[in-house]
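Let's take a walk through this model and see how its parts fit together. Have a look at it first, then read on.

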Amino acid sequence: MNRPVPALVAVLLVMDVTGALISVGTGLSPTLLDALGSEARLSAPLPMMIVQALLAFGTTRRHRGVAAVSAGLLAIAGVLAFVSGFYDGGYDDPRLTVSLRLFQVALVGAHLAMGVFSGVRVVQVLRA
């Protein structure tokens, strides 16, 4: 039962890259690096994507400490992805059209889902 978290992170990575491409294509971001940077509106920043991928791998490890810490950090990251939009202006950016806003909501929802499944993984590992 340790596969949902890596699968969700894989979906998130695809959504992040897609969101970055949409950002560039719609003029929301001037370059792909901007679309994957700290001002990203439709993707996570590239360093966060890398960390999420590494942590997702960690959640599948047999070593309980590695799996629990990795899943716990991903659970926190899922919540922070949601909360950060209130502080970085991501949720009230007037440049977002309805379709871009819907993509943003789907992306944030996927981050929250990853956080929930990661929290469940922590409990599974600690009970094992």
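What follows covers a helix pair, a pocket and a handful of individual residues.

A word on ground rules: this is a predicted model, so local features need pLDDT of at least 70 and side-chain atom pairs count only at pLDDT 80 or more, while totals for chains, interfaces and linings use all residues. Residues are numbered from 1 along each chain as its sequence is written, and side-chain values use heavy atoms, with hydrogens and water left out.

**The H3–H4 pair**

Start with helix H3 (residues 46–58) and helix H4 (residues 64–87), which pack at an angle of about 145 degrees with their axes 8 Å apart. Helices here are DSSP runs (H or I, at least four residues), numbered from the N terminus. The axes are lines fitted to C-alpha atoms over the stretch in contact, and angles run from 0 to 180 degrees between N-to-C directions.

H3 and H4 cross in a left-handed way, a label used if the near helix is turned anticlockwise from the far one by less than a right angle. On the H3 side, Met 48, Gln 52, Leu 55, Ala 56 and Gly 58 make the contact, and they meet Val 66, Ala 67, Ser 70, Leu 73, Leu 74 and Ala 77 of H4. Contact means heavy atoms within 4.5 Å. Sorted by class, the contact has eight nonpolar, three polar and no charged residues. For the classes, Ala, Val, Leu, Ile, Met, Phe, Trp, Tyr, Cys and Pro count as nonpolar, Asp, Glu, Lys and Arg as charged, and the others, Gly among them, as polar.

**Buried or exposed?**

The table lists some residues with their places and relative accessible areas. Buried means under 20% relative accessible area and exposed means over 50% (1.4 Å probe, protein chains only).

| Residue | Place | Relative accessible area |
|---|---|---|
| Leu 12 | helix H1 (residues 4–26) | 1%, buried |
| Ser 23 | helix H1 | 1%, buried |
| Gln 52 | helix H3 | 1%, buried |
| Phe 86 | helix H4 | 56%, exposed |
| Pro 94 | loop between H4 and H5 | 78%, exposed |
| Arg 121 | helix H5 | 11%, buried |

Gln 52 turns up again here, this time for its neighbours. Leaving out residues up to four places away in sequence, Gln 52 touches Val 9, Asp 16, Leu 74, His 111 and Met 114. With that same exclusion of residues up to four places away, Leu 12 touches Leu 107, Ala 110, His 111 and Met 114. Leu 12 and Gln 52 sit 40 residues apart along the chain, and their C-alpha atoms are separated by 9.2 Å.

Ser 23 has its own set of partners: Leu 28, Ser 29, Ala 35 and Leu 42, again not counting residues up to four places away in sequence.

A few C-alpha to C-alpha spans go with the other residues. Phe 86 and Val 123 are 37 residues apart along the chain, with their C-alpha atoms separated by 29 Å. For Pro 94 and Gly 109, 15 residues apart in sequence, the C-alpha distance is 20 Å. Arg 121 and Gly 89, 32 residues apart in sequence, are 31 Å apart by C-alpha atoms.

**The largest pocket**

How much space lies in the largest pocket? About 350 Å³, where a volume is the space filled by probe spheres set on the grid points, which are joined across faces, edges and corners. On a 1 Å grid over the protein atoms alone, a pocket is an open set of points where a 1.4 Å probe fits, with protein on both sides within 12 Å along at least five of seven lines; lining residues have an atom within 4 Å of a point.

The lining has 20 residues, and Ser 43, Ala 44, Ala 81, Ser 84 and Asp 88 are the closest to the pocket's centre. H4 and helix H5 (98–127) each supply at least two lining residues, and H4 gives the most, with five. By class, the lining divides into ten nonpolar, eight polar and two charged residues.
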